[in-house]
Each structure stands twice: as structure tokens, then as C-alpha cells.
Amino acid sequence: MALDYRKCAEEIYSHLGGRDNIVQAAHCATRLRLVLADNSKIDKKALEDVEGVKGLFESNGQVQLIIGTGTVNKVYEEFLAVTGMTAATKDDVKAAAAAQQPVWKRALKSVGDVFVPILPAIVASGLMMGVVEALGKAIPSFASTDWYAFLDMVANTAFAFLPVIVAVSAARVFGGNIFLAAVIGLMMVHTGLLNGWNVGSTEAINSFFGIDTGVIPTWNLFGNVSIGSYVLGSISRHGYQGHVIPVMIAVWFMCKIEKWLHKHVPEMIDLFVVPITTVFCTALVTFVVIGPIFATLENYVLKGAQWLVQFPPGAMVMGAIYPATVVMGLHHMYNVIEAGMLSSNGLNTWMPIASAANFAQFGACLAVGLKCKQAKLKTVAVPSSMSAALGITEPAIFGVNFRFMKPFVCGMIGGACGALFGAIAKIGATAYGVTGIPGYLTINNYGLYTVLLLISGGIAFILTWITWKEELPEPTAEEIQKKEASEKKEEPAQNSMKDAAKSDMASRLASKKDEDDMRIYAPINGNAISYEDIPDETFASGVLGAGIGIEPEEGVVYAPYDGEISSTTDTKHAIGITGAGDMELLIHVGVDTVNMKGDGFELFVAEGDKVKKGQKLITFDIEKIKKAGYSPTTAVLLTNSDDYESFEVVKTGKVNVGDEIISV
């Protein structure tokens with residue numbers, strides 16, 4: 001018997017805690033996606049028992065009901081009618097779910113979103129830096145060789161230009177032009193500025209600027225106009241190597257300006273006005289406002305740390321807050337403390353504090369890596385923890401611990417305990433610049449240093465293992481099958497028909513494991529490029545999903561796999577196709593070709609049609625698109641690419657229809 005869509009929608013609505021509890025609703029190929037004000041108000045058991053609902057789970061703040069291909073859209077239409085809501089996209093729902101989270105969680109998510117894509121670069125650099133520094137300390141003669149100089153350059157490149165990498169990634173997250181962001185990042189490490197790592201070194205300051213005062217000169221953009229002790233428009237001439245938060249704030253500001261300008265500047269002069277205005281305003285705010293704030297913070301942190309480390313409770317405090325100063329990019333100031341200690345009494349008692357803090361972050365990150373079930377997270381956490389063990393903690397902190405917060409806090413606790421022990425035991429080093437395992441090369445007591453590492457790393461590991469719980473992604477087909485097989489045994493015989501329907505749904509989801517079905521083939525002959533190179537910011541930013549662009553050689557679009565047409569447009573320039581494993585593919589012919597209103601396009605299928613791989617879907621006139629002033633580059637994007645653990649573009653360059661281009 002056919003499903004009563006209206007009844008299904010009404011029953012779902014009745015178990016959601018009232019209209020006021022429903023914030024947003026949308027659907028994908030198989031699921032009804034809901035954002036609720038309070039998830040605890042829903043009746044999960046009743047929702048799972050609604051006829052037509054084949055499963056329920058919560059993911060990233062959403063409540064998702066599995067209904068099925070070809071059915072969910074009809075239930076959704078009735079749901080809108082019942083609730084009086086307006087239609088929303090899946091991205092609208094994701095945004096609404098994110099907005100429901102506390103401000104601090106949103107901030108942490110932004111940091112994670114920025115750092116996750118760049119982790120391979122900083123993990124590789126972190127591991128290599130640790131090894132190279134250790135070799136240099138262990139074999140002093142090696143440190144003076146060309147090989148050491150070369151390896152040191154290769155290893156520290158990602159960290160020397162970290163603001164640039166962070167800026168580009170942040171622009172993608174905040175929706176700005178990545179090339180303008182790169183300019184801002186490069187500006188913050190410009191060679192005309194004193195390297196940020198040397199701001200506490202009198203010798204480096206005097207050498208760089210050719211002075212003898214040991215004070216970094218300033219640019220006073222508005223003369224000597226002062227407000228109290230502050231000189232208006234004063235810029236300290238130092239860079240921001242090693243800083244992360246200032247860069248993210250600067251790029252966030254840049255994106256806000258750029259978006260505002262795009263809305264208000266006439267298109268005729270947009271190309272000239274927007275970039276120069278955006279860069280100039282961002283540079284001014286970055287160096288006049290953001291810079292002084294963090295320069296002041298550095299001074300306070302340095303003075304506070306110098307005072308605190310004089311007694312054990314203070315060392316404990318610094319062991320706890322050290323990772324927080326890494327997050328802010330203020331930790332390089334501590335070299336001044338270490339150098340001062342070595343010059344006064346030849347013993348660096350700050351190094352054990354830093355080692356305790358760093359090794360605790362190693363323990364917390366390792367606990368995440370060993371406890372988590374997601375392969376993707378494990379491949380990030382374990383190498384990042386190894387880098388932290390060698391004294392380079394940025395990959396572990398930004399890629400894992402700070403992103404999930406609980407491991408970060410557990411690491412702070414472990415660092416505090418280890419630092420307290422180190423201060424009481426009077427452990428010290430005979431040099432500075434290394435922590436963690438390489439610290440054995442400079443420490444004055446191997447046994448006590450080992451105990452310090454075990455305390456800090458062990459406490460952080462145990463606390464993280466106990467307190468941190470992994471937020472698992474949407475259930476896999478196997479998990480759904482196991483769950484429903486169990487339910488089938490327990491439920492009474494009268495529900496057997498419903499169980500069969502659920503089992504059928506699980507079987508269809510299991511097609512995700514069929515490698516042949518989870519491939520996307522070229523729908524057009526032409527030159528395949530990265531989606532990031534598509535000449536449209538919306539496509540290039542990845543907000544519509546990952547994939548490729550194709551510069552077409554002929555104006556025919558063919559089906560990239562067997563599937564169902566999930567959407568078409570009146571202007572005939574774009575089409576959506578649902579395939580095996582709920583793949584939701586968008587093929588968008590040209591950039592801004594919606595403005596052509598269908599002129600030059602012909603559509604051969606309709607929404608709901610079943611299509612076979614290689615079937616003709618659209619024809620279009622390439623020359624007509626170019627004459628209209630638009631790019632014919634065609635976006636081929638998997639709009640739900642974030643739903644899959646693996647996504648790989650397997651071919652770019654010259655492609656022919658039928659060539660495999662994407663593997664999921």
C-alpha cells in the first residue's frame with residue numbers, strides 16, 4: 001500500500017515538541033533534516049515507529065529521519081504544509097544547526113575548519129623540525145653542515161609562513177577571496193618587518209634596524225597625535241610569524257569588508273575598487289588595531305611568566321596556561337626568559353615547564369588518536385601527537401585538542417602537574433630551543449625529566465581517555481543493518497512489514513560499499529580542473545561541495561552514472577542527479593549562465609526521470625555562452641561530499657566522457 005505522505009508528515013510533526021521547537025527543516029536524497037531548539041523534547045521512539053520512517057539519528061546538531069529516495073521530498077512538502085514553514089536547503093539547515101550552538105563552540109569549530117585542511121603541511125613540518133633540531137643538538141658538528149641548513153629550511157617553511165597558510169584556509173571558511181587573504185598573510189610576515197620570533201631579542205632588534213636602543217621602531221601614520229600614552233596610527237615594525245589568532249581575525253574582517261563592498265559597489269568598477277579597498281582597510285586594521293592588542297598581550301604574558309616561574313605554584317600556573325599562549329601565538333616570547341636564565345646562572349628552569357605543557361598535549365592527542373573510531377581523525381591525531389612529543393605542538397593543539405576542547409583542557413591539567421613536579425625537583429636545562437623527547441639532549445637530570453614527562457603526558461592521556469567522547473558521523477550501512485536486524489527480532493510479528501521496509505533501506509544504503517557504484521564519470525569532454533580554480537567564488541569556495549570544473553570542448557552533458565534526476569532548472573543550465581549511496585551531484589554549465597534564461601540550452605530529461613550512465617542530458621552552445629560574456633566552465637560537484645569519509649578526485653587534465661573523475 002502506498003505511503004500516506006500527509007499522515008507521515010503529521011505524525012512526525014506531532015512528536016517534535018511543538019512548532020516553536022522546530023527551527024529549520026530541509027531534505028536531501030533520503031533524509032528529512034531537522035534543526036530543533038531542544039532535541040530533548042522529541043519522542044525518538046515514537047518517531048522511529050512512524051510509518052515511512054526507516055531510521056533516526058542525530059548528527060552535528062541535526063535530527064535526521066531516514067525516509068528514502070523518491071519519498072522524502074513528498075513527505076517534506078507535506079511537512080511544510082503542516083508546519084507552515086518555508087523550504088530550506090541542506091546548507092540552510094547546517095547553518096541553523098551551527099547557530100544553535102554556543103558562541104564558544106562556534107568559535108572552536110571555525111578554528112577547526114581553518115586548521116583541518118592545512119594539517120598535512122604542519123604535521124609534516126612539525127615532525128621534521130623535531131627530528132632536525134634533535135639531530136643538531138645530539139651531533140653539534142652536524143648543525144654546522146649544509147645538510148643541516150637545507151633540512152632546517154625545508155622543515156620550518158610551513159611555520160615560517162604559517163600566517164599565509166592560515167589566511168588562505170580562513171578565507172575559504174569565511175567566504176572571502178583566497179588570493180586577497182594570501183596577500184594579508186604575506187604582509188604579516190613581510191621581510192621589511194622584524195621576524196616575529198625575535199621581538200624579545202635586543203641583539204636581533206639592533207642588528208635588523210641598525211640601532212643600539214633595543215626598541216623596535218614604529219611607523220606613525222598620523223604624526224604624533226596621541227590619546228594618553230597611545231600614539232594614533234602607530235605601527236610596531238615587527239612581523240607575526242607563529243601567530244594564528246591575529247591572522248584569523250584579520251581575514252575574518254577582510255571577508256566582511258569584501259562582501260559588503262561586493263553588495264554596494266557597482267559591477268562596472270567592482271574589479272578595481274573592491275580588491276584595493278579590501279586590502280588597504282584590512283592592512284590598516286591589522287597593524288593599527290589587532291597588532292597593538294597582541295603586542296600588549298605579549299608584554300603582559302612575558303612579565304607575568306618571569307614573575308611566576310620563581311616559585312613552584314607559579315610554575316604550575318605557567319604549565320597550565322602555556323598551551324593557551326601557543327593558541328594566541330605568544331609563546332615565542334619565552335625565549336627571552338630562557339636566555340636570561342642561562343646568562344645569569346647557566347640553568348634554564350623554564351624548559352621543564354614548557355616540556356611538561358607540550359608533552360601533556362602529546363598525551364591528550366594520543367588518547368584521542370587511540371580512542372577514536374573514525375579513520376580520518378585517527379590519521380590526523382596519531383602523527384600530530386608524535387610531533388608534539390618532539391616539541392612541535394601546533395598540529396596537536398589546532399588539529400585535535402583545541403578543536404575538541406576537552407583534550408586541550410586535560411592537557412593543561414597534565415602540564416600543570418608536570419610543571420609543578422619539575423619546579424619542586426629543580427630540574428633544568430643547559431640550553432634552550434628544544435622540549436619533549438629532544439629535551440634529553442640538554443636536561444640536567446635524565447631520571448627526574450623522565451618522571452616529569454610521564455606525569456604530564458600520563459595524566460593528560462588518562463583524563464582525556466575518561467572525559468572525551470567521540471561524536472561519530474552518520475551511521476554506516478552496516479550499522480543500520482545490524483540495528484534493524486536486532487529490532488526485527490524484538491518487535492512483534494505485526495510489525496514485520498515495516499521491518500522489511502527498513503531492511504530494504506539498509507540494503508540500499510549498503511550499496512555505498514560497492515566500489516563500482518561509488519564512482520563518478522566525466523559528463524563532458526574537456527579539460528578537468530580543481531573546483532577551486534572555477535572562476536566563480538561560490539563554486540571555488542567549496543560551499544556547494546567538492547568536485548571538479550570542466551572546460552568543455554563540446555556542448556553536450558551526459559549522465560555521469562546510473563541514477564535519478566533530482567532537480568532541474570527552468571533555465572536548463574543546471575541539473576541534479578542522485579546516485580548510489582545517496583550521492584547528490586550538481587552539474588552546472590557555465591558561470592552565471594542563469595542570466596541567459598535558457599538561451600542556447602536544451603534539456604532532455606525531467607525531474608524524477610531514471611537515467612543511465614552516458615545518457616544525453618543537456619546540450620549547450622559554447623560560443624553563445626562566451627559571446628554573452630560568461631565562462632562555459634562547468635561545475636561538477638558532489639553537494640554532499642562532507643557526508644563521506646573518503647572523497648578523491650582521480651583525474652584532472654584532459655578527460656573524455658566516461659573517464660572516472662571522482663571516487664567516493
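This report walks through a predicted model, starting with the whole chain and then turning to a few of its residues.

## The chain as a whole

Let's start with the overall numbers. The chain runs to 664 residues, and 49% of them count as buried. Its secondary structure comes to 23 helices and 22 strands. If you take contacts between residues at least 6 apart in sequence, 71% of them join residues at least 24 apart.

As for the outside, the accessible surface adds up to about 29,900 Å². Carbon and sulfur atoms account for 59% of that area.

## Helix 6 and serine 125

Helix 6 covers residues 119–138, which makes 20 residues. At 1.5 Å a residue it should span 28 Å, and the C-alpha atoms at its ends are indeed 28 Å apart, so the expected and modelled spans agree. Quite a few of its residues are buried, including Leu119, Ile122, Val123, Met129 and Val132. Glycines turn up in that buried set too, among them Gly126, Gly130 and Gly136.

Serine 125 also sits in helix 6. Is serine 125 buried or exposed? Its relative accessibility is 8%, so it counts as buried, the cut-off being under 20%. A polar atom of the serine 125 side chain lies 3.3 Å from the backbone oxygen of alanine 155. Setting aside neighbours within four places in sequence, serine 125 is in contact with Ala155, Ala158 and Phe159. Ala155 therefore appears both in that contact list and as the residue whose backbone oxygen faces the serine side chain within 3.5 Å, the limit for a polar contact.

## Tyrosine 561

Next up is a loop residue. Tyrosine 561 is found between strand 12 (556–558) and strand 13 (563–568). Despite that loop position, tyrosine 561 has a relative accessible area of 4%, so it is buried.

What does tyrosine 561 touch, beyond residues up to four places away in sequence? The list is Arg519, Ile520, Ile577, Thr578, Gly579, Met583, Leu585, Val611, Lys612 and Lys613. With Ile577 there is a further detail: the tyrosine 561 side chain reaches the backbone oxygen of isoleucine 577 at 2.8 Å. Methionine 518 is 43 residues from tyrosine 561 in sequence, yet the two C-alpha atoms are 9.1 Å apart in space.

## A nonpolar patch on the surface

Over on the surface, there is a nonpolar patch of about 840 Å². Its members are Trp219, Leu221, Phe222, Val225, Ile227, Tyr230, Leu232, Phe280 and Leu284.

Take tryptophan 219 as one of these residues. Tryptophan 219 lies in strand 5, which covers residues 218–220. Its relative accessible area is 40%, so tryptophan 219 is partly exposed.

## Salt bridges

Now for the charged pairs. Side chains of opposite charge can pair when their charged atoms come close. The structure holds ten salt bridges, and a few are worth a look here. Glutamate 10 pairs with arginine 6, with 3.4 Å between the closest N and O atoms. Both residues belong to helix 1 (residues 5–14), and being four residues apart they are separated by about one helical turn. Glutamate 10 is partly exposed at 38% relative accessibility, and arginine 6 is partly exposed at 37%. Arginine 6 has another partner in glutamate 78, where the closest N and O atoms are 3.1 Å apart. Glutamate 78 is in helix 3 (residues 72–83) and arginine 6 in helix 1, so this pair ties together parts that are 72 residues apart in sequence. At 25% relative accessibility, glutamate 78 is partly exposed as well.

Lysine 624 and aspartate 599 form a further salt bridge, their closest N and O atoms being 3.4 Å apart. Lysine 624 is in helix 23 (residues 622–627), while aspartate 599 is in the loop between strand 15 (584–588) and strand 16 (601–603), so the bridge ties together parts that are 25 residues apart in sequence. Lysine 624 is partly exposed with a relative accessible area of 33%, and aspartate 599 is partly exposed at 43%. Which residues do salt bridges with shared partners join into one network? They are Arg6, Glu10 and Glu78.

Key
Residues are numbered from 1 along each chain as its sequence is written. This is a predicted model: local features need pLDDT of at least 70, side-chain atom pairs count only at pLDDT 80 or more; totals for chains, interfaces and linings use all residues. Side-chain values use heavy atoms; hydrogens and water are left out. Helices (H or I, at least four residues) and strands (E, at least two) are DSSP runs, numbered from the N terminus. Buried means under 20% relative accessible area, exposed over 50%, partly exposed in between (1.4 Å probe, protein chains only). Contact means heavy atoms within 4.5 Å. A polar contact is a pair of N or O atoms within 3.5 Å; within protein, one must be able to donate a hydrogen and the other to accept it, and residues adjacent in sequence count only if both atoms are side-chain atoms. Patches are made of residues with over 30% relative accessible area and no salt bridge: like charges are joined within 9 Å, nonpolar side chains (Val, Leu, Ile, Met, Phe, Trp, Tyr) within 5 Å. Accessible areas come from the Shrake-Rupley method with a 1.4 Å probe; for residues, only the protein chains shown count as cover. A salt bridge is a side-chain nitrogen of Lys or Arg within 4 Å of a carboxyl oxygen of Asp or Glu. The expected span of a helix is 1.5 Å times one less than its number of residues.
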